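This report goes through the secondary structure, sheets, cavities and a few selected residues of one protein chain. The chain is shown first.

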Amino acid sequence: MEIKDNSYCQLDEFWYPLDNAAKIFPAVINDERTSVFRISVVLKKPINIKKLYTSVNAIEHRFPYYKVKLKKGFFWYYLESAKMTIPVEPDLNIPCRSFDPKGGMFRILVVKNKLSIEFSHILADGGGAFEFFKTLMAQYFTLCGVEIPSTFEYIKPGTKVQAQEFEDAYNRYFIENIPTNSKQSKSYHLPFALNNKPRFDVLTAFMSASELKAACSKKGVNITVYLTAVYLNSLQEIFEESVANKKKLRHKKLSIQVPINLRNLYPSKTMRNFSLFVMPEIDLRLGHYTFDEILKTVHHQMQLETEEKLINKILSRNVGSERKILIRSIPLFIKSFVLRMNYYSMGSSQYCGVITNLGRIVLPPIMEEQIEYFSVIAPPPNKKIKINCGIIGFGDKMVLTFGNISKSKELEKRFLQFLVKQDINIEIKSQNIKNERV
């Protein structure tokens, strides 16, 4: 399909190839490594199930590119339109479950006053999924008697599907003949033992956005930089404790994977994946880093790595490799084997944590009056990374959600205790422990 900025799609049956970011997931997903992320909103009133169902029915035809199933071709996987309704299910408090391979790849979950969406990364990233969530919330609030301002920008039911919403934006902004990004060295990984199955556990920390911003302002950095530095600082403490206990540690680099939304750099209305990762790091062969040194390092690395020319190098590496005739002609079963090998050897071996920030959610005041807070859960980490962190802000609430498949909560403990020492009050909730204060 040719994508033009102002073109529209008349869709019945269709198919489209996976975008560049999605291609690896079919080769590596399983019941634990699901690639599924969750975005939730907690309302001030219990959700009216009948109105929610009516809202879903009203909007689902506006998002045909999400009503698809994963299909296996000879050379690549692809997505094919499916006659299906968007599943609305009770929330059983088991986040980020895998999807049936023969079914769809997103769902809506509800319990009491909490509404959640879960998407496979094969289908979309957080930026695309949240646009869908905005439409769902606007439709639901409208049925509840809330008058949504005409100035609020969201995808309105009944409007035509724009071709750009389907586009593989990685290919659109790919530039040929740019030198590729250099290979990263291997990173230290947390030594914690894994949980028994089901392994995935979630801990959520609530804090005041104003208190966190005050701590960031003192250091002259933004929230993503500050919390990434806290993450690295906590990892350094665990690393140094391991060294003190005379554990053999081969790799002495600490690196955090931080997704960035490329829609902020390149104009795109794509509802699919359009994110890349930057990986700020510290090299412990150079000695101990103070927090201020980590903060300075992360700040400058993030500034450099999010510069457009360096992003183009990453795009060149990722998209350029799949365009090579030799790669395109390899049968899918061989590609899948190579992708699985590279996922660990060239992927997660290069970093030891993930921190993803969806940013501060701003809605019309009349909508915000209905909402307590938002939260985001990143896809369950793999056995090397073990722990990740999702961040989202709304009003004066900043919510951090740690996903963990290990038996240890040491990283979360050090991370949150550091924030408390900066005069940031924190309340934590876990699936396994009672609410408490750090």
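In what sense do β14 and strand β16 pair, and over how many bridges? β14 and β16 (residues 387-394) pair in the parallel sense, over six bridges.

## Overall make-up

The model is predicted. The protein chain has twelve helices and 19 strands. Of its 438 residues, 53% are buried. Among contacts between residues at least 6 apart in sequence, 75% join residues at least 24 apart.

## Pairing around β14

The β14 strand covers residues 353-361. In its pairing with β16, isoleucine 361 has phenylalanine 394 as its bridge partner. β14 is also joined to strand β11 (residues 253-261) by two bridges, and these two strands run parallel. In that pairing, isoleucine 256 has glycine 353 of β14 as its bridge partner.

## The three-stranded sheet

One open sheet consists of three strands in the order β2-β5-β4, with antiparallel pairing. β2 (15-17) and β4 (68-72) stand at the edges; each has a single partner strand, so one side of each is left without a neighbour in the sheet. From one strand to the next, the twist averages 30°.

β4 pairs with strand β5 (residues 77-81) in the antiparallel sense over five bridges. The two strands form a hairpin, with four residues between them. Two of the bridge pairs can be named: lysine 69 has glutamate 80 in β5 as its partner, and lysine 71 has tyrosine 78 in β5. In a regular strand, side chains alternate between the two faces of the sheet.

## The five-stranded sheet and helix α3

A second open sheet to describe has five strands in the order β6-β7-β8-β3-β15, and its pairing is mixed. Its edges are β6 (88-90) and β15 (371-377); each has a single partner strand, so one side of each is left without a neighbour in the sheet. The twist averages 20° from one strand to the next. β6 pairs with strand β7 (residues 106-111) in the parallel sense over three bridges, and valine 88 stands opposite isoleucine 108 in β7.

Helix α3 lies across β3, β7, β8 (114-120) and β15. The helix runs at about 30° to β3.

## Cavities

The count comes to two cavities of 30 Å³ or more. The second largest holds about 30 Å³ of space, and its volume therefore sits at about the threshold of 30 Å³ used for the count.

Which residues line the second largest cavity? The lining is made up of Val41, Leu43, Leu115, Met137, Tyr140 and Phe141. β3 (36-43) and α3 (126-143) each supply at least two of the lining residues. The element that gives the most is α3, with three residues. Both of these elements also appear in the packing described above, where α3 lies across β3.

## Tyrosine 351

Tyrosine 351 is found in the loop between α10 (332-347) and β14. Is this residue buried or exposed? Tyrosine 351 has 9% relative accessibility and therefore counts as buried, as the cut-off for buried is under 20%.

Leaving aside neighbours within four places in sequence, tyrosine 351 is in contact with Ser187, His189, Ser255, Gln257, Met279 and Ile385. Tyrosine 351 and glutamine 184 are 167 residues apart in sequence, while their C-alpha atoms are 9.0 Å apart in space.

## Threonine 270

Threonine 270 is found in the loop between β11 and β12 (275-278). With a relative accessible area of 2%, threonine 270 is buried. A polar atom of its side chain lies 3.2 Å from the backbone nitrogen of arginine 272. Not counting residues up to four places away in sequence, threonine 270 touches Gln164, Glu165, Glu167, Ala169 and Arg263.

## Threonine 224

Threonine 224 lies in helix α6 (residues 223-244). With which side chain does the side chain of threonine 224 make a polar contact? The partner is the side chain of asparagine 357, at 2.9 Å.

Not counting residues up to four places away in sequence, threonine 224 touches Val258, Met302 and Asn357. Asn357 is thus listed both as a polar partner and among the touching residues.

Definitions and conventions. Residues numbered from 1 in each chain as written. Predicted model: local features only at pLDDT ≥ 70, side-chain atom pairs only at ≥ 80, totals over all residues. Heavy atoms only, no water. Polar contact = N/O pair within 3.5 Å; in protein donor to acceptor, adjacent residues only side chain to side chain. Contact = heavy atoms within 4.5 Å. Pairing = 2+ DSSP bridges. Axes fitted to C-alpha atoms, helices over the stretch in contact; angles between N-to-C directions. Buried < 20%, exposed > 50% of the residue type's maximum accessible area, 1.4 Å probe, protein only. 1 Å grid on protein atoms, 1.4 Å probe; cavity = no way out; pocket = protein on both sides within 12 Å on 5 of 7 lines; lining within 4 Å.
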